[in-house]
Amino acid sequence: MSEHPINSLMDTTMRKIRELVNANTIVGDPITTPDGMTIIPISKVSYGFASGGSDLPTKKDNRECFGGGSGAGVTITPIGFLSIADGKVKMIPIEKFDSPVDRAVSMIPEVADKITGFIKKRKNDETDLESDLEDFEL
């Protein structure tokens, strides 16, 4: 039994979508400014896909004919930039965020910086405390 034509139709459509949308579409190429700041464009990609078909019997020689189609749509929306300067990462949105999820995602770099800073401060505080205790004799 041969492969059904709808499989080939779907494979071709999905292959074309993969060619259009890859990681470079979502996270763009970094741009470095003369002052050392790195800017990375970030986009949101949405896509839809539909495929369908039908086997139709013929009157003439009693075989089945296939009729089908597929389609896809892709939307690429720039949402902002990641800026990296002096070891700090910040999300710079293009527009105001529509949903709480978008706001939360935009805050991830800042939260990561704050956590890293807190951990470094704690390590420095512990090191300072240890050296103070070493200097202290009973």
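## A shared nonpolar patch

Three elements each supply at least two residues of a nonpolar patch: helix 1 (5-20), strand 2 (38-57) and strand 3 (64-85). The model shown here is predicted. The patch lies on the surface and is formed by Met10, Leu20, Tyr47, Phe49, Val74 and Ile76. Together these residues have about 540 Å² of accessible area. One of them, Tyr47, sits in strand 2.

Helix 1 also lies across strand 2 and strand 3. Its direction is at about 170 degrees to strand 2.

## The chain as a whole

The protein chain has 3 helices and 4 strands. Along the sequence they follow the pattern α-α-β-β-β-β-α.

How many of the residues count as buried? Of 138 residues in the protein chain, 12% do. The chain exposes about 11,000 Å². Carbon and sulfur atoms supply 58% of that area.

Contacts tell another part of the story. Take those between residues at least 6 apart in sequence: 48% of them join residues at least 24 apart.

## The sheet

The 4 strands form an open sheet. Their order is 1-2-3-4, and the pairing is antiparallel. Strand 1 (31-32) and strand 4 stand at the edges, each with a single partner strand, so one side of each has no neighbour in the sheet.

What holds such strands together? Strands of a sheet pair through backbone hydrogen bonds, either parallel or antiparallel. Side chains in a regular strand alternate between the two faces of the sheet.

## Strand 2 with strand 3

Strand 2 and strand 3 pair over 20 bridges. The sense is antiparallel. Within this pairing, Ser54 stands opposite Gly67, a residue of strand 3.

## Strand 3 with strand 4

Strand 4 covers residues 88-93. Strand 3 pairs with strand 4 over 6 bridges, again in the antiparallel sense. Two facing positions help to trace the pairing. Leu82 stands opposite Met91 in strand 4. Ile84 stands opposite Val89, also in strand 4.

What do strand 3 and strand 4 form? They form a hairpin, with 2 residues between the strands. Asp86 lies in the turn and has a positive phi of about 55 degrees.

Note on methods. Residues are numbered from 1 along each chain as its sequence is written. This is a predicted model: local features need pLDDT of at least 70, side-chain atom pairs count only at pLDDT 80 or more; totals for chains, interfaces and linings use all residues. Side-chain values use heavy atoms; hydrogens and water are left out. Buried means under 20% relative accessible area, exposed over 50%, partly exposed in between (1.4 Å probe, protein chains only). Contact means heavy atoms within 4.5 Å. Accessible areas come from the Shrake-Rupley method with a 1.4 Å probe; for residues, only the protein chains shown count as cover. Patches are made of residues with over 30% relative accessible area and no salt bridge: like charges are joined within 9 Å, nonpolar side chains (Val, Leu, Ile, Met, Phe, Trp, Tyr) within 5 Å. A salt bridge is a side-chain nitrogen of Lys or Arg within 4 Å of a carboxyl oxygen of Asp or Glu. Two strands pair if DSSP finds at least two bridges between them. Axes are lines fitted to C-alpha atoms, for helices over the stretch in contact, and angles run from 0 to 180 degrees between N-to-C directions.
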